Amino acid sequence: MKKMEEEARSFINVWLTVLACVCYCYFVSSNLPPGKLRLFSLLPVFSLFAALPLGLSTVLPTGVTAFFVTWLASFKLLLFSFGKGPLSSSPGSHPDPSKSLFLFILFTCFPIKVRQALDYPSPQTPKLPLNLPSKLLLFGISILVHDHQDKLLLQGHPNLVLLLYSCMLYLYVDMIMGLSNAAARAVLGVELQMPSDEPYLSTSLQDFWGRRWNLTVTNALRHTVYKPLKSFLEPRLGAPWAPAAAAVMAAFLVSGLMHELLYYYMVRARPTWEVTVFFVLQGVCVVVEVAAKAAVGERWRLSRAVSTPLTVGFVAATAMWLFFPQLIRNGADVRAINECKALVEWIKPKF
């Protein structure tokens, strides 16, 4: 319990530092013209955001802080330095975080995005929605099942354990981001984009990564990596498909490198680059898939009954091969589960 209280104090200190940094961005950087000068003024903030997760020792608080602050907040502030993104004033934006310190803090620190016309709307598919209470219940069941993982391993079912981790990852990411969005909806009174859109119904890798899975990261990479690089390469590369393909690969590479950084914060072990290989592989497959669909046309498309299991199965299989092993080797999975249990035990006496 003492360790939990110490970590709670460290967590509060880290987030007070984040709050101070964001206030600096609002009062100082926002008064500088967009461009190199504003970017230069934000360099100390980027450095602090990169160092803050090192002040935490538990897996889940470290991972959440690194994801929200080191990755998403830094990417938003990078766009902000050039007068773009959700933190800058734009025509018709509602609400406008550049006009309010509270909104600026909220939009910087949390993975929320006001729902507007989606760049890449999901295809109309039968919905199998899992609401937040259902996800909480399933996550709790997953933790209970995890207690029996030793039996599964002894019985020669390591892939079942990895499949369980895949489900837990989806539920964990969706719950954390869904709760953030729900809080913002209650405070701001606006409809927000959900973090994921039923990824288990994906009909292709392009559908999974571009329209369904972890849409907050997808939008961040789209505006900070994909679009700028595609615009830069279009007048320089002759083939019409080359700029988009290169931009897709760059976005997946950046995602892989950011995941390596998050893994380092959580396990404090030298990177093995497996997770980077995982995302580069996904990028290559997305590019090949798009090219194949363009070549064969609509007549040769697979039916949903075939394409969905193939897509979800491929992502799950490659995740078991490359995404999870580094976390499992360093015991991050067991530590994270134990932290959930310790948190419940720590909260119980207070109520």
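**Group meeting: a walk through an all-helix chain**

Let me start with one residue: Arg 212 has a relative accessibility of 0%, so this arginine counts as buried. Arg 212 belongs to helix α8. Before going further, I should say that what you see is a predicted model.

What does the side chain of Arg 212 reach? The partner is the backbone oxygen of Glu 198, at 3.3 Å. Glu 198 itself is in the loop between α7, which covers 158-188, and α8. With a relative accessibility of 12%, Glu 198 is buried too, because the cut-off for buried is under 20%. The backbone of Glu 198 has another feature: a positive phi of about 45°, although the residue is not a glycine.

Arg 268 also has a positive phi, about 55° in this case, and is not a glycine either. You will find Arg 268 in the loop between α10 and α11, the latter being 274-296. Its relative accessible area is 37%, so Arg 268 is partly exposed.

Now the overall picture. The chain has 14 helices and 0 strands. Of its 351 residues, 46% are buried. Taking the contacts with a separation of 6 or more, 73% are between residues 24 or more positions apart.

Next, the aromatic residues. How many aromatic pairs does a search of the whole structure find? The search gives 19. One of them is Trp 15 with Phe 110: the ring centres are 6.1 Å apart and the planes are at 10°, so this pair is stacked. Trp 15 is in helix α1, residues 2-27, while Phe 110 is in the loop between α4 (101-109) and α5 (132-146), so the pair ties together parts that are 95 residues apart in sequence. Is Trp 15 buried or exposed? Trp 15 is buried, as its relative accessible area is 17%. Phe 110, at 31% relative accessibility, counts as partly exposed.

A second pair is Trp 209 with Phe 252. This one is edge-to-face, with 5.9 Å from centre to centre and 85° between the planes. Trp 209 lies in helix α8, residues 205-212, and Phe 252 in helix α10, residues 242-267, so here the pair ties together parts that are 43 residues apart in sequence. Trp 209 and Phe 252 are both buried. They also belong to one aromatic cluster, whose other members include Phe 208, Trp 213, Tyr 263 and Phe 278.

Since Phe 110 follows α4, a few words on that helix. Of the 9 residues in α4, 7 are buried, which leaves the helix mostly covered. Among the buried ones are Leu 103, Phe 104, Ile 105 and Cys 109. At the start of α4, a side-chain oxygen of Ser 100 comes to within 3.4 Å of the backbone nitrogen of Phe 102.

Moving to α2 and α3. A general remark first: two packed helices are described by the angle between their axes and the distance between the axes. The axes of α2 and helix α3, residues 59-80, come within 10 Å and cross at roughly 180°. Angles over 145 degrees count as roughly antiparallel, and α2 and α3 are therefore roughly antiparallel to each other. Which residues meet there? From α2 they include Arg 38, Leu 42 and Phe 46, and from α3 they include Val 69, Leu 77 and Phe 80.

Two arginines have a charged end over a ring. For Arg 38, the ring is that of Phe 80, and the distance to the ring centre is 4.4 Å. For Arg 236, the ring belongs to Phe 232, with the charged end 3.9 Å from the ring centre.

Arg 38 also comes up through its backbone: the side chain of Ser 41 reaches the backbone oxygen of Arg 38 at 2.6 Å. Ser 41 is in helix α2, which covers residues 36-51. At 9% relative accessibility, Ser 41 counts as buried. Leaving out residues up to four places away in sequence, Ser 41 touches Tyr 24, Ser 29 and Leu 32. For Ser 29, which is 12 residues from Ser 41 along the chain, the C-alpha atoms of the two are separated by 6.2 Å.

To go back to the start: Arg 212 is buried, and its side chain reaches the backbone oxygen of Glu 198. That is all I have.

Key: Residues numbered from 1 in each chain as written. Predicted model: local features only at pLDDT ≥ 70, side-chain atom pairs only at ≥ 80, totals over all residues. Heavy atoms only, no water. Phe/Tyr/Trp six-rings, centres within 6.5 Å; stacked < 30°, edge-to-face > 60°. Helix = DSSP H or I, 4+ residues; strand = E, 2+ residues; numbered from the N terminus. Buried < 20%, exposed > 50% of the residue type's maximum accessible area, 1.4 Å probe, protein only. Lys NZ or Arg CZ within 6 Å of the ring centre and 35° of its normal. Polar contact = N/O pair within 3.5 Å; in protein donor to acceptor, adjacent residues only side chain to side chain. Contact = heavy atoms within 4.5 Å. Axes fitted to C-alpha atoms, helices over the stretch in contact; angles between N-to-C directions. Parallel < 35°, antiparallel > 145°, perpendicular 65-115°, else oblique.
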